[in-house]
Amino acid sequence: MTKPNHHIFADGELSRSESTLRIDTLEGDTEYLPVESVDSLYLHGQIDFNTRTLGLLNEHGVPLHIFGWKDYYKGSYLPKRGQVSGNTVVEQVRAYDDRRRLNIGQKMIRASIHNMRRNLVYYDGRRGDFSDAIASLDEFKDETADTDDINQLRAVEGNARSTYYDCFDQILRDPFELSKREYNPPTNEANALVSFLNGMVYTTSVSAIRKTALDPTIGFVHEPGERRFTLSLDIADIFKPILADRLIFRLVNRQQLSLSDFESELEGCLLTESGRMTVLEAFEETLDKTIEHPRLERKVSFKTLVQTDVYSLKKHILTGESYHPTERWW
């Protein structure tokens with residue numbers, strides 16, 4: 001059974017108390033958190049911490065994901081890897097440098113488009129007629145097999161995602177609407193939801209990759225850069241339709257969120273603290289849900305599903321075994 005994530009919203013101080021995490025809030029409350037019970041730690045408030053705290057997280061292999069003002073994702077502190085393998089990193093770089101990069105990228109994009117399409121199929125007839133968009137996604141998915149260039153592959157993915165986002169306004173209950181995808185900052189409530197949950201899927205991918213010997217900075221669809229974990233972006237794109245978008249549709253259409261859960265300022269539209277807590281509670285419940293895996297022949301949680309994708313990629317890079325990015329079957 002996978003360990004749960006832990007989210008801290010309060011402002012205050014995070015410190016080490018022997019082998020336990022101690023959280024002292026500005027309101028005068030104190031909470032003790034056994035570090036061995038945490039998979040990943042998320043800081044959403046203004047939290048002070050020191051090197052002793054980081055040392056404890058490092059000893060137990062707990063990633064720390066930091067969200068700044070109004071929950072903009074700021075970065076992650078990643079502990080030493082549980083697995084260290086120079087051979088794995090060398091092979092990962094070789095895979096990036098040869099024909100395998102395009103083949104891996106094609107599978108990732110096909111899985112991402114497949115998962116977007118499955119969402120539209122579910123809502124087709126329920127919230128609108130999406131037959132044209134579904135047909136377009138089918139064409140884009142087929143087109144990935146004919147690409148011979150990463151830039152061309154990214155263009156196909158971009159066109160597919162644009163077609164997919166164009167359907168959000170029909171799927172979402174009024175008064176929520178996406179209009180068009182906008183971020184940095186998000187301009188309305190639907191964009192705020194997409195941005196926030198995309199960040200959560202990204203950090204989930206970061207944590208999963210850190211449990212392997214793969215290097216998170218060496219992606220296959222996204223170009224390696226100095227400020228992003230591009231492999232995490234690759235994995236996150238596969239799971240955004242499954243973990244983020246379906247949750248957005250559910251929360252909005254079941255009226256678990258309202259416009260009062262958002263606030264608009266000069267910097268754009270963002271979730272309020274109570275809104276973020278509602279979304280995060282539902283997100284963590286989603287990660288903990290289990291489903292029968294046809295290839296593994298056992299039940300796995302959605303969090304484990306992300307991990308199996310990363311392990312499958314690692315096996316492919318090291319042994320040539322087929323890579324199986326998740327294409328929603330349920």
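Which residues does the UniProt annotation "binding site" cover? In this unreviewed entry, they are E157, H222 and D237, with positions given in the numbering used here, feature names shortened, and annotations that may be inferred rather than shown by experiment.

Before you click around, two bits of housekeeping. What you have open is a predicted model, where local features need pLDDT of at least 70 and side-chain atom pairs count only at pLDDT 80 or more, while totals for chains, interfaces and linings use all residues. Residues are numbered from 1 along each chain as its sequence is written, and side-chain values use heavy atoms, with hydrogens and water left out.

**Stop 1: the annotated site**

Select E157, H222 and D237 together. They span 81 residues in sequence, yet no two of their C-alpha atoms are more than 11.4 Å apart, so they gather at one spot. E157, H222 and D237 also belong to the lining of the largest pocket. A pocket here is worked out on a 1 Å grid over the protein atoms alone: it is an open set of points where a 1.4 Å probe fits, with protein on both sides within 12 Å along at least five of seven lines, and lining residues have an atom within 4 Å of a point.

Now click H222 by itself. You'll find it in the loop between α7 (189-210) and α8 (230-253). Helices (H or I, at least four residues) and strands (E, at least two) are DSSP runs, numbered from the N terminus. H222 has 18% relative accessibility, so it counts as buried; buried means under 20% relative accessible area, exposed over 50%, and partly exposed in between (1.4 Å probe, protein chains only).

Show what surrounds H222. Not counting residues up to four places away in sequence, H222 touches R101, R154, T230, L233, D234 and D237, where contact means heavy atoms within 4.5 Å. Draw a distance from the side chain of H222 to the side chain of D234 and you get a polar contact at 2.6 Å. That term stands for a pair of N or O atoms within 3.5 Å; within protein, one must be able to donate a hydrogen and the other to accept it, and residues adjacent in sequence count only if both atoms are side-chain atoms.

Hop over to D237, which sits in helix α8. D237 is buried too, with a relative accessible area of 10%. Leaving out residues up to four places away in sequence, D237 touches S112, E157, R161 and H222.

**Stop 2: the sheet**

Switch to cartoon view and look for 4 strands forming an open sheet, in the order β4-β3-β2-β6, with mixed pairing. Two strands pair if DSSP finds at least two bridges between them. At the edges stand β4 (30-34) and β6 (47-49), each with a single partner strand, so one side of each is left without a neighbour in the sheet. On average, neighbouring strands of this sheet are turned by 25° against each other, direction ignored.

Zoom in on β2 (residues 12-17), which pairs with β6 in the parallel sense over 3 bridges. Pick E13 and you'll see it stands opposite D48 in β6. Next, add helix α1 (residues 51-59): it packs on the sheet, touching β2, β3 (20-25) and β6, and its direction makes about 60° with that of β2. Axes are lines fitted to C-alpha atoms, for helices over the stretch in contact, and angles run from 0 to 180 degrees between N-to-C directions.

**Stop 3: H7**

Which side chains does the side chain of H7 meet in polar contacts? Select H7 in strand β1 (residues 6-8) and try H44 at 2.8 Å, then E284 at 2.7 Å. H7 is buried, at 16% relative accessible area. Its contacts beyond four places in sequence are Y42, H44, M200, L280 and E284.

**Stop 4: T203**

Move to T203 in helix α7. Is T203 buried or exposed? At 0% relative accessibility, T203 counts as buried. The T203 side chain reaches the backbone oxygen of M200 at 2.9 Å. Beyond four places in sequence, T203 is in contact with Y42, H65, F67 and Y73.

**Stop 5: two partly exposed residues**

Finish with N103 in helix α3 (residues 100-123), partly exposed at 34% relative accessibility. Select Y323 as well: N103 and Y323 are 220 residues apart in sequence and 9.7 Å apart in space, C-alpha to C-alpha.

Then pick L259, in the loop between α8 and β9 (262-265). L259 counts as partly exposed, at 37% relative accessibility. Leaving aside neighbours within four places in sequence, L259 is in contact with P175, F176 and E189.
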